[in-house]
Amino acid sequence: PSLQLGALASLCAMAGLIAATSGGILSAAAMVLEITGNFGLVLPTLLAATSAYLLRRHFLTDSYFTLPLTRAGQGIPENLYQRYLTEKPCAVVDKR
């Protein structure tokens with residue numbers, strides 16, 4: 001089933017808003033797919049979500065959820081799990 005241009009623009013805007021605020025590009029596209037059931041919308045929503053996310057990252061590195069923590073002086077590292085693995089000695093990581 002095809003959508004009208006206004007409905008397509010609304011769904012792409014919704015995906016862009018979700019991706020820009022939360023950082024979840026694939027989650028935004030999956031949400032539109034779940035709402036509509038139309039696989040033809042995957043590419044337009046992915047493009048809208050990716051461009052909105054990149055635009056937000058250009059101006060503001062924090063997401064909607066991490067911005068209050070950063071403003072309070074409690075920033076969250078970008079790759080917390082990767083940093084944890086690189087700071088541990090190899091003997092500790094290799095033990096099973």
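Me: Which residues make the nonpolar surface patch of about 330 Å²?

Reply: In this predicted model, L55, F59 and L60 make that patch. A residue needs over 30% relative accessible area to be part of a patch. L60 has a relative accessible area of 36%, and it sits in the loop between helix 3 (42-59) and helix 4 (67-71).

Me: Is L60 buried, exposed or partly exposed, and why?

Reply: The general idea is a pair of cut-offs: buried means under 20% relative accessible area, exposed means over 50%, and partly exposed is what lies in between. L60 is partly exposed because its value is 36%.

Me: How do S63 and Y64 read on that scale, buried or exposed?

Reply: Both belong to the loop between helix 3 and helix 4, S63 as well as Y64. S63 counts as buried because its relative accessibility is 13%. Y64, with a relative accessible area of 60%, is therefore exposed.

Me: Which residues does S63 touch, once sequence neighbours are set aside?

Reply: Leaving out residues up to four places away, S63 touches T21, S22 and R56. For Y64 there is a C-alpha distance to read instead: Y64 and A20 are 44 residues apart along the chain, and their C-alpha atoms are separated by 8.4 Å.

Me: What is the overall make-up of the chain in helices and strands?

Reply: The chain has six helices and zero strands. Read along the sequence, the pattern is α-α-α-α-α-α.

Me: How should a helix pair be read? At what angle do helix 1 and helix 2 cross?

Reply: A pair is described by an axis distance and an angle, and the angle is taken between N-to-C directions, from 0 to 180 degrees. For helix 1 (residues 5-22) and helix 2, the axes come within 8 Å and cross at roughly 145°. The crossing is right-handed. On the helix 1 side the contact is made by L11, M14, A15, I18 and A19, and on the helix 2 side by I25, A28, M31, V32, I35 and T36.

Me: What are the angle and axis distance for helix 2 and helix 3?

Reply: Helix 2 (residues 25-36) packs against helix 3 at an angle of about 145°, with the axes 9 Å apart. This crossing is right-handed. From helix 2, the residues I25, L26, A28, A29, V32 and L33 take part, and they meet V42, T45, L46, A49, T50 and Y53 of helix 3.

Me: T45 is one of those helix 3 residues. Is T45 buried or exposed?

Reply: T45, in helix 3, counts as buried because its relative accessibility is 1%, and the cut-off for buried is under 20%. Leaving aside neighbours within four places in sequence, T45 is in contact with L11, C12, A15, A29 and V32. L11 and A15 are among the helix 1 residues that meet helix 2. T45 and L26 are 19 residues apart along the chain, with 9.4 Å between their C-alpha atoms.

Me: Which residues does Y53 touch?

Reply: Y53 lies in helix 3. Not counting residues up to four places away in sequence, Y53 touches A19, A20, G23 and I25. Y53 and L17 are 36 residues apart in sequence, and 8.5 Å apart in space from C-alpha to C-alpha.

Me: What share of chain contacts joins residues at least 24 apart?

Reply: The share is 48%, taken among contacts between residues at least 6 apart in sequence.

Me: How much accessible surface does the chain have, and what share of residues is buried?

Reply: The accessible surface comes to about 7200 Å², and 65% of it belongs to carbon and sulfur atoms. Of the 96 residues of the chain, 24% count as buried. S63 and T45 both count as buried.

Terms used
Residues numbered from 1 in each chain as written. Predicted model: local features only at pLDDT ≥ 70, side-chain atom pairs only at ≥ 80, totals over all residues. Heavy atoms only, no water. Patch = residues over 30% accessible without salt bridge, like charges linked within 9 Å, V, L, I, M, F, W, Y side chains within 5 Å. Areas by Shrake-Rupley, 256 points an atom, 1.4 Å probe, with all protein chains shown as cover. Salt bridge = Lys/Arg side-chain N within 4 Å of Asp/Glu carboxyl O. Helix = DSSP H or I, 4+ residues; strand = E, 2+ residues; numbered from the N terminus. Buried < 20%, exposed > 50% of the residue type's maximum accessible area, 1.4 Å probe, protein only. Left-handed = near helix turned anticlockwise from the far one by under 90°. Contact = heavy atoms within 4.5 Å.
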